[in-house]
Amino acid sequence: MMKKNIFPILTGVLLLGIVIVSVLIYQDKVGNDDSSQVSSSEICGVTDDDKAMTGIQASSTWGKTGIKNGDSEIYLVLYNHFTEDDILIGTSSNAAENVEIHLSQLVLDGSLKMDIRKSIALPASSKIELGPGSFHIMLIHLKQDLNSGDKALVTLHFQNLGNLAVIIPIKDW
Ligand SMILES: [Cu+2]
């Protein structure tokens, strides 16, 4: 009596086991796909449109109008589409005597204070926005007036990429 009943029970347990293992493997596969998608979009923060581009790119560029011997601030968004980190290590322009990387930060009295930064890190598959109240490129001691509609040439020096020349449209602000 006992021996007769054991075989179908064992077969049932075996089949159940196979079903459970299959489901677990399937879920594991699906789970891995989902997690890799989430983590990659979280890390890079680059939209699908941006992914069509390659290399290091500057977009949304603009600079403030300024007068001869005065200053101007340059803003842009930098994209690193490479799979390796890079660093913006310097800037130059024929529009000004001196060009510096600055970071504006709010201080205790509520005013903005600008500090010189030697570099800006640009990790692989990332973007960084240089904008008012944050990182910017400072044109110091302009060689001539920068009027609305003018264009300034600024060269960005990257540790790995080398030089990236960017034409900056000048706007009123
Ligand atoms: Cu500045």
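Of the 173 residues in this protein, 17% are buried. Keep in mind that you're looking at a predicted model. The mean pLDDT is 81, and 69% of the residues reach 70 or more. Residues 23-48 are the stretch to watch: there the pLDDT is below 50, and beyond near neighbours in sequence the stretch has nine contacts in the model. Where pLDDT is low, the predicted coordinates should not be read in detail.

**The overall layout**

Walk along the chain and you meet two helices and ten strands, in the order α-α-β-β-β-β-β-β-β-β-β-β. Contacts across the sequence count for a lot here: among contacts with a separation of 6 or more, 69% are between residues 24 or more positions apart.

**How the strands pair**

Here are four of the strand pairings, side by side.

| Strands | Sense | Bridges |
|---|---|---|
| β1 (residues 56-64) and β2 (residues 72-80) | antiparallel | six |
| β1 and β10 (residues 162-171) | parallel | two |
| β3 (residues 86-93) and β9 | antiparallel | five |
| β9 and β10 | antiparallel | eight |

So what does β1 look like up close? Strand β1 pairs antiparallel with β2 and parallel with β10. On the β2 side, A58 has L78 as its bridge partner. On the β10 side, K64 is matched with K171.

Strand β9 also has two partners in the table, β3 and β10. S93 finds its bridge partner in V154 of β9, while A152 stands opposite I168 in β10. The link from β9 to β10 is a hairpin of three residues.

**The nonpolar core**

Which residues have the most contacts inside the largest nonpolar core? That core has 21 residues, and the best-connected ones are I74, A95, I137, L139, A152 and V154. At least two core residues come from each of β2, β4 (96-106), β8, β9 (151-158) and β10. Strand β2 gives the largest share, with five residues.

A95 is a handy place to start looking around. Leaving aside residues up to four places away in sequence, A95 touches L139, L142, K143, L146, A152 and L153. Two of those, L139 and A152, are also on the list of best-connected core residues.

I74 has a link to a loop, too. Its C-alpha is 9.0 Å from that of P132, although the two are 58 residues apart in sequence. P132 sits in the loop between β7 (126-130) and β8 (135-142). Is P132 buried or exposed? Exposed, because just 11 other C-beta atoms lie within 10 Å, and 12 or fewer is the cut-off for that label.

**Two backbone oddities**

Most residues other than glycine have a negative phi. Two residues go the other way. N69 isn't a glycine, yet has a positive phi of about 75 degrees. You'll find N69 in the loop between β1 and β2. H141 also has a positive phi, near 65 degrees, and is a residue other than glycine. This one lies in a strand, with H141 being part of β8.

How exposed are these two? N69 counts as partly exposed because it has 13 C-beta neighbours inside 10 Å. H141 is partly exposed as well, with 13 other C-beta atoms within 10 Å. That count falls between the limits for exposed, 12 or fewer, and buried, 20 or more.

How values were computed
Residues numbered from 1 in each chain as written. Predicted model: local features only at pLDDT ≥ 70, side-chain atom pairs only at ≥ 80, totals over all residues. Helix = DSSP H or I, 4+ residues; strand = E, 2+ residues; numbered from the N terminus. Pairing = 2+ DSSP bridges. Core = buried A, V, L, I, M, F, W, Y, C linked by C-beta atoms within 7 Å. Contact = placed C-beta atoms within 7 Å. pLDDT = per-residue confidence, 0-100.
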